[in-house]
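User: Please zoom in on one buried spot in this model and tell me what surrounds it. After that, work outward to the rest of the assembly and keep it informal.

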Amino acid sequence: MDEQKAGDQFSEASLPFSLGDEHSRKVEVRSPSRDILRRLVRNKLAVAGIAIIGIVILVAVFAPVLASQDPNENGVFKVFPRENKQAPSLDHPMGTDDLGRDMLSLIFYGARISVRVGVFAVGFAILFGATLGAIAGYAGGTVDNIIMRIMDIMLAFPSILLALVIVAAIGPGLFNAMLAVGIVSIPTFARITRSAVIKENENVYVMAARSLGAGSNRVLWKHIVPNSLSPLIVAASLGIATAILDAAGLGFLGLGAQPPTPEWGLMLSRNKHHIFTSPWMVIFPGVAIMFLVLGFNLLGDGLRDALDPWLK
Amino acid sequence: MINSMDQAEVLLEIKDLTTRFYTEEGVVYAVNGVSYTLKEGEILGVVGESGCGKSVHALSIMGLIPSPPGKIDKGEVLFDGRDLLKFNQSELRDIRGSQVAMVFQDPMTSLNPVYTVGFQITEVLSIHKGMNDKEARGVAGELLDKVGIPGAHDRLDDYPHQFSGGMRQRAMIAMALAGDPKLLIADEPTTALDVTIQAQIIDLVKRLQENLGMAVMWITHDLGVVAELAQNVNVMYAGYIVERGSVRDIFKATRHPYTLGLIGSLPRLDEAPGTELVAIPGLPPDLVDLPKGCPFVPRCMYAVEQCLEEMPPLEQTDGKDHTVACWRWEHVVGEVTADVR
């Protein structure tokens, strides 16, 4: 922006000498998203977050190649009784569990589940939360009141408790746990979107779009919502972290993924009795959860700084 | 010019337009029974201080009053003989941009920051002319060129933040012209710009008006701009039109004390350097708590008992089509800034 202004003021003709080709080139076209990406990449913590998430996603995608054994080959879960409860070694870098399964392989496969849980739950929450929030913020009045009071009621429950209730109602299982975590996150996204939409709605460009014949649908979805995305993107990144934790929590309580799914939370729960005798069975799944959640939190913080450089 | 004006068709006729805002602090009487006509191809200046109802009256014409809390309580806005206040939302949408278009005060925020300038112009073209992307892009380039953006076709893919304030206002004007409106409402379009750019924008609108023959309503608090641009002037105060006439009448045969005060507060080239500008004493009235009589009374040096009792109607003065809302207009003598001082 500053370069652009400077460019306006000093046209080359007004200078007594030539600046040469180097300087007479048109200022490079920079879209706002490019600027944001640049700021994000400059932030070391954000890059660390991206790296962590990148590693986990790679592990999730290439789990069958990386893992030494498939914990559930052909849907039958394998047991290696002679290798059970082995401490970490070269053969089993993270040891083995009470059934003799390689912990590292379990964690690799668990990455698939956790990433999927986070993305699905938040995707679901954004789809409904952002839509409801945008409608509430734009319509105002009674519509706003009805939608937001329902959201308030949902927010009045501790999130894990509400998720428990939902899972109890629709039955335990990985998919239902994802759904429950998604439903629980709806109000957060509704609130964020609503306030962003209300703020954007005040802008002159909204009035200008209306004055040129744009209807309500076009104004809301095409003009206001794209401008309201920044807080939503930040919340999504942080929300994925929370969703992974919540899903692991449900798994731990036995209401999420069911055995033999190699879900990290479920692994913690199943192995908790062995914490004093074979701590690696509990430590590594716990570290894996922490690692991935940390990644999304770092990315979320970095995104917030990059999207809103004035707010720190 | 004036003669050809007389034969022109009436484009916009406003009758007793009354807009109020029902807020928690009380009812804001923003526009109080405004009536006037605007002919095809006419340039009308609407003048007044901040908060005198100029912008609200323009938004009322467009049906863009935020409601609630705003409400148009009374009146008719006849555009080409049809009352816009009776239009439903979809009929209004068809009018906006294609019949009446508007340019706003702050060019920095009136373009959507996430879309390119070209996209925003083509959007209007696709709404009103049903053009496909390729056609619209060509026309958008021509429009940007018409409003004087150098290298127009290459700048279609620029984002608003790559444009300077003056360029953004030009781009806004291009958007407003995209639907070939018969009336362009310009709501203080030059207030946020520096003086040289201001002059360029005024010249641009003047030239476009001559070429395209549209009517222009120029809302401003700057009498200098009005003198340069407009044929007729509405002077507004506290939601009323207090004086209306040709530019000549308003400046040379002023009949309202408020107009006189506005003119007196302008710097003049022919006065001695160092002469102090005369400000109108006091503040505009609180629109929530309007007095019974003329709202200008507390600031008026001509006021008498009657002014406190009753709001004067718009009356014909000695000038042709020159009307004024003042009980004592005959005592107010125009062109005499010295007397007021």
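Analyst:
**A close look at A:Val59**

Leaving out residues up to four places away in sequence, A:Val59 touches A:Leu66, A:Phe108 and A:Ala111; contact here means that the two C-beta atoms, placed from the backbone, lie within 7 Å. Keep in mind that this is a predicted model, where local features need pLDDT of at least 70, side-chain atom pairs count only at pLDDT 80 or more, and totals for chains, interfaces and linings use all residues. Residues are numbered from 1 along each chain as its sequence is written, while chains are lettered from A and ligands numbered from 1 in the order in which they are written.

Take the A:Phe108 partner: it sits 49 residues from A:Val59 in sequence, yet the two C-alpha atoms are 6.0 Å apart. A:Val59 itself belongs to helix α4 (residues 44-61) of chain A; helices are DSSP runs of H or I with at least four residues, strands are runs of E with at least two, and both are numbered from the N terminus. A:Val59 counts as buried because it has 21 C-beta neighbours inside 10 Å. The cut-offs are 20 or more other C-beta atoms within 10 Å for buried, 12 or fewer for exposed, and anything in between for partly exposed, with C-beta atoms placed from the backbone.

Now for the rest of chain A. It has 14 helices and zero strands, and 42% of its 312 residues count as buried. Among its contacts with a separation of 6 or more, 69% are between residues 24 or more positions apart.

Helix α9 (residues 174-201) of chain A deserves a stop. Its 28 residues reach 39 Å from first C-alpha to last, close to the 40 Å expected at 1.5 Å a residue (the expected span being 1.5 Å times one less than the number of residues). There's a kink of sorts: α9(A) bends by about 35° at A:Ser185, with the proline A:Pro187 following within four residues. That bend is the angle between axes fitted to the seven residues ending at the residue and the seven starting there. α9(A) is mostly covered, with 21 of its 28 residues buried. A:Leu179 lies in this helix too, but it is partly exposed, with 18 other C-beta atoms within 10 Å. From A:Leu179 to A:Asn201, 22 residues along the chain, the C-alpha separation is 32 Å.

Next, where the chains meet. The contact takes 21 residues from chain A and 30 residues from chain B. On the chain A side, α1 (2-9), α10 (204-211) and α11 (216-227) each supply at least two residues, and α10(A) gives the largest share, seven residues. By type, the chain A side splits into 11 nonpolar, eight polar and two charged residues; Ala, Val, Leu, Ile, Met, Phe, Trp, Tyr, Cys and Pro count as nonpolar, Asp, Glu, Lys and Arg as charged, and the others, Gly among them, as polar.

Over to chain B, which has 12 helices and 12 strands. Its radius of gyration is 21 Å, close to the 20 Å from the globule rule for 341 residues, so chain B is as compact as a globular protein of that length. That radius is taken over C-alpha atoms, and the rule is 2.2 Å times the number of residues to the power 0.38. The C-alpha trace of chain B spans about 65 × 50 × 45 Å along its principal axes, and 48% of its residues are buried. Helix α2 (residues 54-62) of chain B has nine of its nine residues buried, including B:Val56, B:Leu59 and B:Ile61. Right after α2(B) comes B:Gly63, with a positive phi near 70°.

Chain B also has an open sheet of four strands, ordered β2-β1-β4-β5, with antiparallel pairing. Strands β2 and β5 (82-83) of chain B are at the edges with a single partner strand each, so one side of each is left without a neighbour in the sheet; strands pair if DSSP finds at least two bridges between them. Strands β1 (residues 10-23) and β2 (residues 26-39) of chain B run antiparallel and are joined by 11 bridges, forming a hairpin with two residues between them. One of the pairings there puts B:Ile14 opposite B:Tyr36 as its bridge partner. At the other edge, β4 (residues 70-79) and β5 of chain B pair antiparallel over two bridges, with B:Asp83 as the bridge partner of B:Leu78.
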